[in-house]
Amino acid sequence: MSGDKQRPAHVPEENVYNRIHWLVIATYVAAIGGVAILIINAG
């Protein structure tokens, strides 16, 4: 499997990400924060 795949014609160039997207990090932070709040309020 080659790491240098061609972009399909129907995918715009700005939708190609070579690194982790910032929204993925924001989602993980929000999920961890939500779980932490649940744990704190449960005890």
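Before I start, one definition: the accessible areas I'll quote come from the Shrake-Rupley method with a 1.4 Å probe. With that in hand, hello everyone, and let's look at this chain together. Please keep in mind that this is a predicted model.

Let's begin with the whole chain. It exposes about 4400 Å², and carbon and sulfur atoms supply 63% of that area. Its C-alpha atoms fill a box of roughly 50 × 25 × 15 Å, taken along the principal axes. How many helices and strands are there in the chain? There are 1 helix and 0 strands.

Now, what share of the 43 residues counts as buried? The figure is 0%. Buried here means under 20% relative accessible area, so a residue has to fall below that value to be counted.

Next, the helix, H1, which runs over residues 22-42. Is its length what we'd expect? Let's work it through. With 21 residues at 1.5 Å a residue, H1 should span 30 Å. Its end C-alpha atoms are 30 Å apart, so the two values agree. H1 is also hardly covered, as the count of buried residues among its 21 is 0.

Let's pick out two isoleucines in H1. Isoleucine 25 sits in this helix, and it counts as partly exposed because its relative accessibility is 43%. Isoleucine 32 is in H1 too. Is isoleucine 32 buried or exposed? It is exposed, because its relative accessible area is 59% and the cut-off for exposed is over 50%.

Both isoleucines belong to a nonpolar surface patch. Which residues make this patch? They are Ile20, Val24, Ile25, Tyr28, Val29 and Ile32, and the patch has an area of about 620 Å². Here is a handy general point: an α-helix has 3.6 residues a turn, so residues three or four places apart point the same way.

Now for the segment before H1. Valine 11 lies there and is partly exposed, with a relative accessible area of 22%. Glutamate 14 is also in that segment, and at 59% relative accessibility it counts as exposed.

Finally, some distances between C-alpha atoms. Valine 11 and tyrosine 28 are 17 residues apart along the chain, and 26 Å separates them in space. For glutamate 14 and alanine 36, the separation is 22 residues along the chain and 35 Å in space. Arginine 7 and isoleucine 32 are 25 residues apart in sequence and 33 Å apart in space.

Thanks for listening, and do have a look at the structure yourselves!

Key. Residues are numbered from 1 along each chain as its sequence is written. This is a predicted model: local features need pLDDT of at least 70, side-chain atom pairs count only at pLDDT 80 or more; totals for chains, interfaces and linings use all residues. Side-chain values use heavy atoms; hydrogens and water are left out. Patches are made of residues with over 30% relative accessible area and no salt bridge: like charges are joined within 9 Å, nonpolar side chains (Val, Leu, Ile, Met, Phe, Trp, Tyr) within 5 Å. A salt bridge is a side-chain nitrogen of Lys or Arg within 4 Å of a carboxyl oxygen of Asp or Glu. Helices (H or I, at least four residues) and strands (E, at least two) are DSSP runs, numbered from the N terminus. Buried means under 20% relative accessible area, exposed over 50%, partly exposed in between (1.4 Å probe, protein chains only). The expected span of a helix is 1.5 Å times one less than its number of residues.
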